[in-house]
Amino acid sequence: MAKLEIRELKTWIAGLVILLFAAVPIVSILTDQAFYMAQYSRIMIYALAAVALNLILGFGGMVSLGHALYIGIGAYGAGMLDFHGVTNGWLQLLAALGVGGLFATAIGAVVVRLKGMTFIMITLAFAQMGYFLAVTLRTYGGEDGRAISARSQMYLLDFSNPVVLYYAIFACLMATLWWVDRVITSRFGMAIRGSKSNERRMLALGFPTFRYKLAAYVISAQICVVAGFLLANLTLYASPSYMQWMVSAELIIMVILGGMFTVFGPVIGALVFLLLEEWLSNFHSASFPAFGELVNEHWLAVLGAFVIVVVLTARNGVYGYVGKRGRTP
Amino acid sequence: MSLFVAQILNSFQLGALLFLMSAGLTLVFGIMNFLNLAHGSLFMVGAYVGATVAAKTGSFTIAIIAAIVATMLLGVVAERTLLRQLYARDHLDQVLCTFGLLLIANEAVRYIWGPSPVFINVPAMLDGTVRIFGQNYPAYRFAIIVAGIVVVLGLYLLISRTRLGMLIRAGANNANMVSALGVNIKFLNTVVFALGAGLAGLGGLLIAPLVSVQPGMGEPILILTLVVIVVGGIGSIRGALYGALIVGLIDTAARVYMQIGLLQIFERSVGQAIGPAIASMLIYILMAIVLAFRPQGLFPVKHG
């Protein structure tokens, strides 16, 4: 009985967050605050990437510190083709997924055989490779990146309308959540989870774990490519900063913060983390203006301290905490 | 020919720096099974402290001592207060905590020294050039190579000839057993961490006159250092040395010769566009090839 209540509580939280996401454009239009829609579009894009990362991190035990690479590939897919006059969004997305697939398969083939620390270091190094590659592309703006002239033309979907773009992102996030929720209990998902807990046993059972893990890695990367494509459409900009390793680390932090063993956790992680980031970077204190200014200027240090505290104390994340507490009353 | 000699020397200079960084990182990883992403921050702090002390006292020698002492102290404090708790935890926690530490270090440096870059002059004694193979080469860059060689020899003697070195080797092999034999392994860990921190600080100070000292300067070199220790074999000092030389050579040579070679194949605009792009990817491609054939690295630690 108690277990059911916890599950209900979790469903309630997830449902409320989804309702919040769904309602933002309405509130935004009613209050005439376009800012909220852009802010929550960004939150959902990172949530999408974090859910994708969690597929291999939480369920597959593959700690990728390089998923920002794929966000960058998605963004450059829109940016580079736009530069060459291709404004068809489906073509841009297809090109980005093609390149992303090539990169993910090649990198994945090297990394999924590795374990623990080596996996982390290599994914980081490959992502940095992409970053430096983007920096050397002077035609597309080099280090500064390049503005995109217009939102991608998606024909049936009019991305130039922020509400349409918002709900497109919302739909991508919902579809991914639904799919991940189903896949982790499927044969494929079980094989991935099995190779996390005991790869040797999975091999003995006859599962080609390399192929399963590689497939999971590529799928996770491709969802991030989609997130990057959406991000470029939101910001109308493609720059190497999207693939900085800071972004990869932030994605992991979102996953941990929300709860890495849950499907919905990363969404809450992204929401809390990005709202905190927003709050800290605009921090001001009426009673202690000097303190407010200090935090405002060096908010990244506060964020760093926050990350350390979360890792040391709240290992199961905000959303995971709900279930954990209920299970052992 | 002259370009070739200069490039070889440049690659040794980068190799020396990379070795200073990777020796500490790989020792800490080998013994404590701990990856410190904030290792680059020690490099940065070394550069800042050295630059400040050099500007105040006018003596580069004092700056070297100050940079090493400051980073060692910082390393000891960080190890004793926070990092020690992470040794037993999984790698994900280690990476995230040290990443948080890195953010704090960058902001602390920005708070103390301000956001604009700090510059430090090459010491007057090393301001000129030296002649090597009939070729003029900046004396300071040559001094970095010499410093690298001195550190390599010093580390070799420390690790293979002293009691402390013996304990470090034993700790890397089986820390529990060393502890059971009555060695204070916690103290040993702190010593190793401080040693690595001091080497990173020295590296930061040495490069300071050649680059602009600014927040975040440790991160690019940290990534290269990771490549070095992966290529060389994690935990192996010998691997760190060879890895540093290989990565230094390829990174330096690729930037120059890729450009020249590609310009002969393609027309100018294309060569200039893709040359740097391929050159910047080359060491990562090397790393992928090494991992595909020898996942344990080129010069792994030999056990038993």
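**Exercises: helix packing and confidence**

H2(A) passes H11(A) in a right-handed crossing (the near helix is turned clockwise from the far one by less than a right angle). This is a predicted model: local features need pLDDT of at least 70, side-chain atom pairs count only at pLDDT 80 or more, and totals for chains, interfaces and linings use all residues. Residues are numbered from 1 along each chain as its sequence is written, and chains are lettered from A and ligands numbered from 1 in the order in which they are written.

**Exercise 1.** Classify the packing of H2(A) and H11(A).

Step 1. Take helices as DSSP runs (H or I, at least four residues), numbered from the N terminus. Helix H2 spans residues 34-57 of chain A, and helix H11 spans residues 265-281.

Step 2. Read the geometry. The angle is about 135 degrees, and the axes are 8 Å apart. Axes are lines fitted to C-alpha atoms over the stretch in contact, and angles run from 0 to 180 degrees between N-to-C directions.

Step 3. Apply the cut-offs. Under 35 degrees is roughly parallel, over 145 roughly antiparallel, 65 to 115 roughly perpendicular, and the rest oblique. H2(A) and H11(A) are therefore oblique to each other.

**Exercise 2.** Find where confidence is lowest and highest in chain A.

Step 1. Start with the whole chain. The mean pLDDT (the predictor's confidence in each residue, from 0 to 100) is 87 for chain A. Of its residues, 95% reach 70 or more.

Step 2. Go by element. Confidence is lowest in helix H14 (residues 317-327) of chain A, at a mean of 60. The highest is in helix H9 (residues 209-235) of chain A, at 94.

Technical notes. Helix = DSSP H or I, 4+ residues; strand = E, 2+ residues; numbered from the N terminus.
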